[in-house]
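Subject: Structure for your review

Dear colleague,

Please find below the structure that I am handing over to you, together with its sequence. My findings follow directly after it.

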Amino acid sequence: MDAKILGLFKKYENEYLSGEDISRKLKVSRTAVWKHIEKLREIGYDIEAVPNLGYKLKSIPDKMIPDEIKSGLNTKVFGREIYSYERTGSTNETAYRLAEDGAKEGVVVIAEQQTKGKGRLGRTWLSPSGGIYMSCIIRPSIMPNEIQEFTLAAALSVANTIREIAGLESQIKWPNDVYVNKKKVCGILTEMKAESDKIDFIILGIGINANTDEKLLPKTATSLKAEIKKEISRIDFVKSLLLNLEKQYSIFKINGFSELRDEIKSISFTLGKRVKVTTHDVILEGEAIDIDEQGALVVRLDNGLQKRVLSGDVVLVR
Ligand code: BT5
C-alpha cells in the first residue's frame, strides 16, 4: 500500500491529493490512508498536508529504499531484487549466505551502516552512515583466475558513475581502489565460491564514501561530499552504478577484458609510478609499467627484469 500511495504521488506530481481521492483510487478507508501517510513520514518521506487541498509529496528520503532504487532503474538483471538494511555486519557476508541459498545473479544487498565492514586480508572497512555499502551476487561463467579482470571492470564502473553523478574524475589504484584527488573514495572486495575450474558465484562488494563525513575516515581517504562540498543523491548513485556494472559486465562477457583494458589503463593511478608490491610470498619494488591482458600489474624491477603480479597490495613509493 505504501508503494501504491507513493505511486499516486509521483503520478500526480504537481497536484495535491485529498485523503478522499487517495482512498477512492486505492479502494481503502481514509483512516488507512492516513496511517500509511504517517508511516511514510516516519521513514523520512516529506509529505505536506494542506487543509482543504490534501497531500503532496515534497521530497523522498536519501535512504536505501529498494522501491526507490528500483523506480526508473534501467537494468535487466542487476538490482532485480534488493535487500536493504539499516545496519548489518557486512553486506558481503549477507550476500554470500543468500548466494549459498541459491539467490540469483543480480541480487543486491545494501546497508546504511556496517558494523563489521571487511576490507581485504582481514582488514576493516569503516562504514559510518552516509556511505554506500553494497554487495552484488554474480554467477559468471569465467575461470577463477579471471577474477582480477572482473574487479578492475567493476572499478571502471565506479569511476564512470562518480563522473556521472558527482562530476569528478577518479583513478583506479590497482587492484581494487578508486581514488579522487589522490585519496581513497572507494574500495572493492571481490569474494568467490569456486571449485578448481569453475566459479559458483562471486560477491562483488563495493564501499563508497559518498556523503560520509571525512572526519570519520582514515587520513588517506576522502568522500564525494568532501570533494564537491555538497551531498549527492545516493539513490541516483546506486541506480547509475548498477547500470554501469551491468554494461561493463556484458562487455566483459561478450568481448573479454581486452575491450575494457585501454579505458582502465587510461585512468590508472598506479601506472608510471614507483611501487612497492606485497604478494603472498614476495615484496617487489620497481616501476609499474602495464596492466596486462589478465589484469595483472607488470612491474619493471631496478635490474630491468619484468614481473607480473596477479594479486597483491600496492604502496606508491615517492
Ligand atoms: C578494500 O580493502 O578496499 C575493500 C573494501 C570493500 C568494502 C565493501 S563495503 C560493501 C562490502 N561489504 C564489506 O564488508 N566489504 C565490502 P583494502 O584494500 O584491504 O583496504 C582496506 C583499508 O582501507 C583499511 O585498512 C584502511 O586503511 C582503509 N579504509 C578503511 N575504511 C575506509 C574507508 N571507508 N574509506 C577509505 N579507506 C578506508
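Strand 7 and strand 8 (residues 183-194) are antiparallel partners, held in register by 4 bridges. Within this pairing, Asp 177 has Gly 187 of strand 8 as its bridge partner. Please note that the model is a predicted one.

The hairpin formed by strand 7 and strand 8 has 2 residues between the strands, and Asn 181 in this hairpin adopts a positive phi near 45°. Lys 182 is likewise placed in the loop between strand 7 and strand 8, and its phi is near 70°, a positive value in a residue other than glycine. Is Lys 182 buried or exposed? With a relative accessibility of 65%, Lys 182 counts as exposed, because the threshold for that class is over 50%.

On its other connection, strand 7 pairs with strand 6 (residues 171-173), again in the antiparallel sense, over 3 bridges. Ile 172 has Val 178 of strand 7 as its bridge partner. A hairpin of 3 residues links strand 6 to strand 7. Pro 175 lies in this loop between strand 6 and strand 7, and the peptide bond that joins Trp 174 to Pro 175 is cis, with omega at about 5°. As background, most peptide bonds are trans, and most residues other than glycine have a negative phi.

The side chains of strand 7 (residues 177-180) also deserve a comment. In a regular strand, side chains alternate between the two faces of the sheet. Here, Asp 177 and Tyr 179 point one way, while Val 178 and Val 180 point the other way. Are these residues of strand 7 buried or exposed? Asp 177, Val 178, Tyr 179 and Val 180 are all buried.

A further positive phi occurs at Lys 27, where the value is near 55° in a residue other than glycine. Lys 27 is found in the loop between helix 2 (19-26) and helix 3 (30-43). The relative accessible area of Lys 27 is 72%, and this residue is therefore classed as exposed.

Towards the end of the sequence there is an open sheet of 5 strands, which pair in the antiparallel sense in the order 13-12-11-10-14. Strand 13 (306-309) and strand 14 (313-316) stand at the edges; each has a single partner strand, so one side of each is left without a neighbour in the sheet. From one strand to the next, the twist averages 45°. Inside this sheet, strand 10 (residues 274-278) and strand 11 (residues 283-291) run antiparallel and are joined by 5 bridges. Thr 278 has Ile 283 of strand 11 as its bridge partner.

Finally, some values for the chain as a whole:

- The chain contains 9 helices and 14 strands.
- The C-alpha trace spans about 80 × 40 × 35 Å along its principal axes.
- Of the 318 residues, 50% count as buried.
- Among contacts with a separation of 6 or more, 62% come from residues 24 or more positions apart.
- The exposed area is about 15700 Å², of which carbon and sulfur atoms supply 48%.
- There are 49 positive and 45 negative side chains, and the centres of these two sets lie 3 Å apart.

With kind regards

Note on methods: Residues are numbered from 1 along each chain as its sequence is written. Side-chain values use heavy atoms; hydrogens and water are left out. Buried means under 20% relative accessible area, exposed over 50%, partly exposed in between (1.4 Å probe, protein chains only). Contact means heavy atoms within 4.5 Å. Accessible areas come from the Shrake-Rupley method with a 1.4 Å probe; for residues, only the protein chains shown count as cover. Lys and Arg count as positive and Asp and Glu as negative; His and the chain ends are not counted. The place of a charge is taken as NZ of Lys, CZ of Arg, CG of Asp or CD of Glu. Two strands pair if DSSP finds at least two bridges between them. Axes are lines fitted to C-alpha atoms, for helices over the stretch in contact, and angles run from 0 to 180 degrees between N-to-C directions.
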